[in-house]
Amino acid sequence: MSTPDPVLVPPALPDTDQIRLIATDMDGSLLTDEGRMPDGIWPLLTELDRRGIAFCPASGRQFANIREQLGSRGDDYTCIGENGAFVGRADRVLSTTPLPEGIVPRAVQHTRELAAAGLPVGVVVSGARSAYVEYFEGEFAAQVRKHYSVVTEVADLTRVDDVLLKVAVHDAGSVEERTAPAFADLDGPVRVLVSGQHWLDLMSPEADKGHALRRVQDELGIGPEHTMAFGDYRNDLGMLAAARWSCAMDNAHPDVRAAARYVVPSNTRGGVVSTIAAALGLPG
């Protein structure tokens, strides 16, 4: 990722009275580096509600984990989970995009082979009801807990009985350099997506934050011309393409900065909150 500019301020955005929907990535965008909601978010959400502007968190995190991050407001917002493979609100499932048949056993076997070769990798299989792991210890467990609130330990990930949405591989090193090439043979039947420095996601080719955001737009009866979106990594590119006000965080991957119309302060500087506040004419 690029080095953030410590003096960057929210850009002046045009026609912000037309905004009806704000979608934001979580890790690296809305949340602090410690994984907490940023200062000022709760009164800002109240103001968005008052103005009739929908708020939509969109993350590689599990839907249940996103709701947990929102606390008492977890049932108030439509959330995009699993990088677009799950869209829901409260107890209502709006859409799921399952993995193709036969992918999970192949992906799990790839991960087992990497682990046997000595790489510090672990794998999570995400289902509609729960996330599933074969072991839940050490640093891998700590990383899983950050992103998944409902986790089930099973003896064999290839025999999980659920609607399977995503395979997420965690590498304590650089997933882009070391782990991703090992899954190149699966690219095509599934999307093999580097979703962070340490995470690789395998999903249906139809599962994407952009497709999911269009599902939310359809639900609201609006389009990209009424949508603002924030992101920092390649898994956010589809979502940014579905928004007129596409905003890359200052800490974003170079590809994301190049694709977005605007660059806003980094997540460590509360860039999502400060940019929305400036767009709405609120105190920073």
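Select E47 to begin: at 15% relative accessibility this residue counts as buried, where buried means under 20% relative accessible area, exposed means over 50%, and partly exposed lies in between, as computed with a 1.4 Å probe on protein chains only. Before going further, note that this is a predicted model, in which local features need pLDDT of at least 70 and side-chain atom pairs count only at pLDDT 80 or more, while totals for chains, interfaces and linings use all residues. Residues are numbered from 1 along each chain as its sequence is written, and side-chain values use heavy atoms, with hydrogens and water left out.

Keep E47 selected and add R51, which is partly exposed with a relative accessible area of 36%. The two side chains meet in a salt bridge, at 2.6 Å from N to O; the term stands for a side-chain nitrogen of Lys or Arg within 4 Å of a carboxyl oxygen of Asp or Glu. Because E47 and R51 are four residues apart in helix 2 (residues 41–51), about one helical turn separates them. Helices (H or I, at least four residues) and strands (E, at least two) are DSSP runs, numbered from the N terminus.

Next, select R112, E134, D156 and R159 together, since salt bridges that share partners join these residues into one network.

The structure holds 23 salt bridges, and the next one to display is that between K209 and D25, whose closest N and O atoms are 2.9 Å apart. This pair links distant parts of the chain, 184 residues apart, with K209 in helix 7 (residues 209–220) and D25 in the loop between strand 1 (21–24) and helix 1 (26–30). Both K209 and D25 are buried.

Move on to E34 and R36, where a salt bridge is formed with the closest N and O atoms 3.9 Å apart. Are these two residues buried or exposed? Both E34 and R36 are exposed.

Finally, select the cysteines C56 and C79. With a disulfide taken as a pair of cysteine sulfur atoms within 2.5 Å, the count comes to zero disulfides. C56 is in no disulfide, and the nearest cysteine sulfur, that of C79, is 6.5 Å away. Why does C79 not pair with C56? The sulfur of C79 has its closest cysteine sulfur in C56, and the 6.5 Å between them is too far for a bond. As for accessibility, C56 counts as buried at 1% relative accessibility, and C79 is buried with a relative accessible area of 0%.
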